[in-house]
Every structure is written in structure tokens, then in C-alpha cells.
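The exercises below ask you to read a structure step by step, moving between the sequence and the three-dimensional view. Try each task before you turn to its solution.

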Amino acid sequence: MIYSKTCEYALRALAYLASRKQGSYVMAAEISRETKVPEPYIAKIFQGLAKTGLLQSRRGPAGGFALKKSPDKISLYEVVQAVDDTAAFGDCIMGLDECSPDRACPLHAVWSRAKCKMLARLKGTTVLQLDRLLVKRRYRGSQRAKLSASFKRFSMGTQQRRTTR
């Protein structure tokens, strides 16, 4: 994995915030429920993101967390950098202490090209774009769930009719 589970959770939660009205505060419990990320984990991640300036927080009944900037102005790279520190992208993919163009590991050339493409993609993709991609997936998933539930009801009805004959 290129980034941590904490970073994955941060991306999911920030994408959810991007779906909300700009400047509206959302409680950690709601974010947890909608993203399937444990609430204590969200609170911890978001405290750190508030310190980096990506989020703002407010206490109280109308409190919660809100994006500090417009979601179309926050790149995924900024999030990864805030959570995981992108310096790790400079490390050798094989875990060697010394790896450079002069003393390259067997995967150096492949990793260098892949890393450049990945970093460009992270820098060029915003939290808002990520949310839009996830909404499409959530929609398809919810449709599948509805179809599955309908099929289950249909199957059970058919079985009941068979047993009563």
C-alpha cells in the first residue's frame, strides 16, 4: 500500500465533507456512519487535519467539522502530505538504504516512472472530484443492494408458494 489506512480514512471522510454544503459543520458521528470509519478514528484524524489548516472545527450542538477551503481547491496530494508525509514517496520501493539513479535497485526505474504519474494524479485530483467518483460507486452499490433485497423477497415468496402447495 502506498499510503496508510489512516490516510485512506481521511480521504473517505473529506470526500464526504465535500458532498455537504460549503461551510456547514458535520458531526464526527454522521461522518462515521456515512463513511464506515470508526468515530474515534475520525475525531483523531480530523484534529490533525484542523492543525494543518485543511479543516475547521467547532464545539457544541451545532458544531463538528467543516472544510476550511472549497473542496475543489484541496488536492489529494495535500491530504496525503498532511496525514502521511509524502517524504515516504522518496524511499526505495525495495526498502534499500541507498537507492538513487546512480545506485539503483532493480525496481528503481519502474518505481520512478510510476511514482511521478501517481504524484501528478494526486496533485491534479481534488477532494470534490474524489467525492463525485465515490458517489457513483455508492449509487451503484445501493442499487445492487435494492436489487438484491428485491430478489431475496421474490425468492422467499416463490419458496413459500412451493411449500404451501
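**Exercise 1. Is lysine 36 buried or exposed, and what is its relative accessible area?**

Solution. The model is a predicted one, and every value below is computed from it. Begin with the place of lysine 36, which is in the loop between H2 and H3. Next, take its relative accessible area, which is 67%; the cut-off for an exposed residue is over 50%, so lysine 36 counts as exposed. Finally, look at the backbone: most residues other than glycine have a negative phi. Lysine 36, although it is not a glycine, has a positive phi of about 65 degrees.

**Exercise 2. Work out which residues of H2 are buried, and what covers them.**

Solution. First list the buried residues of H2, which are Ala28, Glu30, Ile31, Ser32 and Thr35. Then ask what lies over them: the cover includes H1, H3 and E2. Alanine 29 also belongs to this helix, which runs over residues 28-35, but its relative accessible area of 33% makes it partly exposed. As a last step, follow alanine 29 across the fold to glycine 64, which is 35 residues away in sequence, while the two C-alpha atoms are 9.2 Å apart in space.

**Exercise 3. Check the length of helix H3 against the expected span, then decide how its buried residues are arranged.**

Solution. Helix H3 covers residues 39-52 and so has 14 residues. The expected span is 1.5 Å times one less than the number of residues, which comes to 20 Å for H3, and the C-alpha atoms at its two ends are indeed 20 Å apart. Turning to its side chains, Ile42, Ile45, Phe46 and Leu49 are buried. Seen down the helix axis, the buried residues of H3 lie within an arc of 100 degrees, and they therefore line one face. These buried residues pack against helix H1 (5-18), H2, strand E1 (55-58), E2 and helix H4 (76-84). On the face turned away from the buried side, H3 carries the exposed residues Pro40, Lys44 and Lys51. After the helix comes glycine 53, with a positive phi near 95 degrees.

**Exercise 4. How do E1 and E2 pair, and over how many bridges?**

Solution. The two strands pair in the antiparallel sense, over four bridges. One bridge can be located by its residues, since serine 57 has phenylalanine 65 in E2 as its partner. Between the strands of this hairpin there are five residues, and glycine 60 takes a positive phi near 105 degrees. Now consider the side chains: in a regular strand they alternate between the two faces of the sheet. In E2, Gly64 and Ala66 point one way, whereas Phe65 and Leu67 point the other way, and all are buried.

**Exercise 5. Which residues do serine 75 and lysine 115 touch, leaving aside those up to four places away in sequence?**

Solution. Serine 75 lies in the loop between E2 and H4, and with a relative accessibility of 11% it counts as buried, the cut-off being under 20%. Its contacts beyond four places in sequence are with Leu122, Lys123, Thr125 and Thr126. Lysine 115 is found in helix H5, which covers residues 108-124. At 18% relative accessibility lysine 115 also counts as buried, and beyond its sequence neighbours it is in contact with Phe89 and Gly90.

**Exercise 6. Where in the chain is confidence lowest, and where is it highest?**

Solution. Start from the chain as a whole, for which the mean pLDDT is 82 and 80% of the residues reach 70 or more. Then compare elements: confidence is lowest in helix H6 (residues 127-164), at a mean of 56, and highest in strand E2 (residues 64-67), at 94. Over residues 139-152 pLDDT stays under 50, and for these residues the model has zero contacts beyond four places in sequence. Where pLDDT is low, the predicted coordinates should not be read in detail.

**Exercise 7. Describe the overall make-up of the chain.**

Solution. The secondary structure comes to six helices and two strands, and along the sequence they follow the pattern α-α-α-β-β-α-α-α. Of the 165 residues, 32% are buried. Among contacts with a separation of 6 or more, 61% join residues 24 or more positions apart. The chain exposes about 11,200 Å², of which carbon and sulfur atoms supply 54%.

How values were computed: Residues are numbered from 1 along each chain as its sequence is written. Side-chain values use heavy atoms; hydrogens and water are left out. Buried means under 20% relative accessible area, exposed over 50%, partly exposed in between (1.4 Å probe, protein chains only). pLDDT is the predictor's confidence in each residue, from 0 to 100. Contact means heavy atoms within 4.5 Å. The arc is that of the directions from the helix axis to the C-beta atoms. Accessible areas come from the Shrake-Rupley method with a 1.4 Å probe; for residues, only the protein chains shown count as cover. Two strands pair if DSSP finds at least two bridges between them.
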